[in-house]
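Colleague: I would like a close look at a single part of this model, with the wider setting added afterwards. Please give the cut-offs as you go.

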Amino acid sequence: MSTAIKARWARRFVAVGIVWFVSWQLATVAGVGRRVGVVLGLYGFVFHVVFGKGYSLLPSYFDRTLAFPRAPAVHLPLAAVGTGCLALGAASSGGIDLGVSPLSPATGETLTGIGASLWLAGCLVFVGTIGWTVQDNLSGRETGTGDANADRQWVDRYANAFVPVVALYVLAGATIPVLEWVEFDQSLVAGGPPVSHLLAAGGAALLLFAVGFRLLPRFLVVSPRKWLVALVLPAGALGPALLASDFLGGSLFLLGAVLEATALVGFSLAYVDMFSRSDRRRVGFYAVTLGVLSGAGVAILGLSFATDWFGVPGNPFDAHYRLALVGLLGLSVVGVTYQFYPPAVASSSLVDDRTAGLSIALLTGGLFVEVSGLLLSISPLQEGGRIVVLAGSIVYAFVVFAVFLERRGK
């Protein structure tokens, strides 16, 4: 029964995340700013999918069974409503007209505080449930790795050890906005971009690295290079903390940028190397490939903010944000989603691997055009690319929801 419950709630989290994904692209086409986009893309899309699949995957990776199978039922409304309040608050404070009666800045601030509190409550449910589940195996030494995969034991244990670090980043990134709302003085990390980096780089990206080194090699039936695993995970664990503690500052920010770039490029090399050695060519693998390659672009732009090595023109900050959330995290989530929910199981003749491939092509092509427009300061390219990304998100939603309809009641 608990397995069926987890599967249903995982699909619900993914479904809500996809709704946020499409909403994010609609809002982007409508001209909302980066702040609203980060809420819809990171809090809404990426983390809803991360939470939903995390309840299923993480206990098994620590050779445990989820302690509270109904925890996702408590978490989902907190996360969904919290994201909505955060998005409305961000739009209000950004001066965006939300309808007939625009929200006042005070109302927007209140919505932001309520949204942050709800989102933190959801994170506490998630981290608390997973933590209680693995309390006697926090180091991850017990991995659930079978004898047939005994050669992967070292990688599995090493990757598990970084999952608690992910939990700390998620809690830190969720707590700081609430402390700001209640006007608690924080001397280490300010809100805004530093918090989004704690969540995106320290939470989502580090989890992609840790879970990715366990999950993706099994999909591809190829083992990763151990030296890359040993390099990527500690760099990805330390980099976000340095970035956030000295955001756009001096030597600590530079060191953090170098470490994060090392992690992103190293993970890209690790995955592309595994993909090239694998004889499996499923549609989702191409999305992950394009996602991790986008991560290399994120690394280059990130280094440009910390050094004078690259003279990046145009609007590199928006390009960095779109490459990170649509590219690295977004396309990786899309690829893994297609692996867990294969398009081929849908009975509709309109849904198959070609339809899934179309969504990946639209997302990637649109993102490339949009980023080119941002860096070259060509508005028609920016707008056209965003419309194509929106089309890709709609096709992606159509494919996954068609698969979900086939699994109703399961």
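Colleague: Does Trp119 count as buried or exposed, and at what relative accessibility?

Modeller: Trp119 counts as buried, because its relative accessibility is 1%, where buried means under 20% relative accessible area, exposed over 50% and partly exposed in between, with a 1.4 Å probe and protein chains only. Please bear in mind that this is a predicted model, in which local features need pLDDT of at least 70 and side-chain atom pairs count only at pLDDT 80 or more, while totals for chains, interfaces and linings use all residues. Residues are numbered from 1 along each chain as its sequence is written, and side-chain values use heavy atoms, with hydrogens and water left out.

The ring of Trp119 belongs to a wider set, since rings of Phe, Tyr and Trp (its six-membered ring) pair if their centres lie within 6.5 Å, with planes under 30 degrees apart counted as stacked, over 60 as edge-to-face and the rest as tilted. By this rule the model has 24 aromatic pairs. One of them joins Phe47 to Trp119 in an edge-to-face arrangement, with 5.5 Å from centre to centre and 85 degrees between the planes. This pair links distant parts of the chain, as Phe47 sits in helix 2 (residues 34-61) and Trp119 in helix 4 (residues 105-133), 72 residues apart; helices here are DSSP runs of H or I with at least four residues, strands are runs of E with at least two, and both are numbered from the N terminus. Phe47 also counts as buried, because its relative accessibility is 1%. Both rings belong to a cluster that ring pairs build from Phe13, Tyr43, Phe47, Phe51, Tyr55, Trp119 and Phe126.

As for the setting, the chain contains 13 helices and zero strands, and buried residues make up 55% of its 410 residues. Among the contacts with a separation of 6 or more, 78% come from residues 24 or more positions apart, a contact being heavy atoms within 4.5 Å. The radius of gyration of the chain is 20 Å, which agrees with the value near 22 Å that a compact globule of 410 residues would have; the radius is taken over C-alpha atoms, and the globule rule is 2.2 Å times the number of residues to the power 0.38. Taken along the principal axes, the C-alpha atoms fill a box of roughly 60 × 50 × 45 Å.
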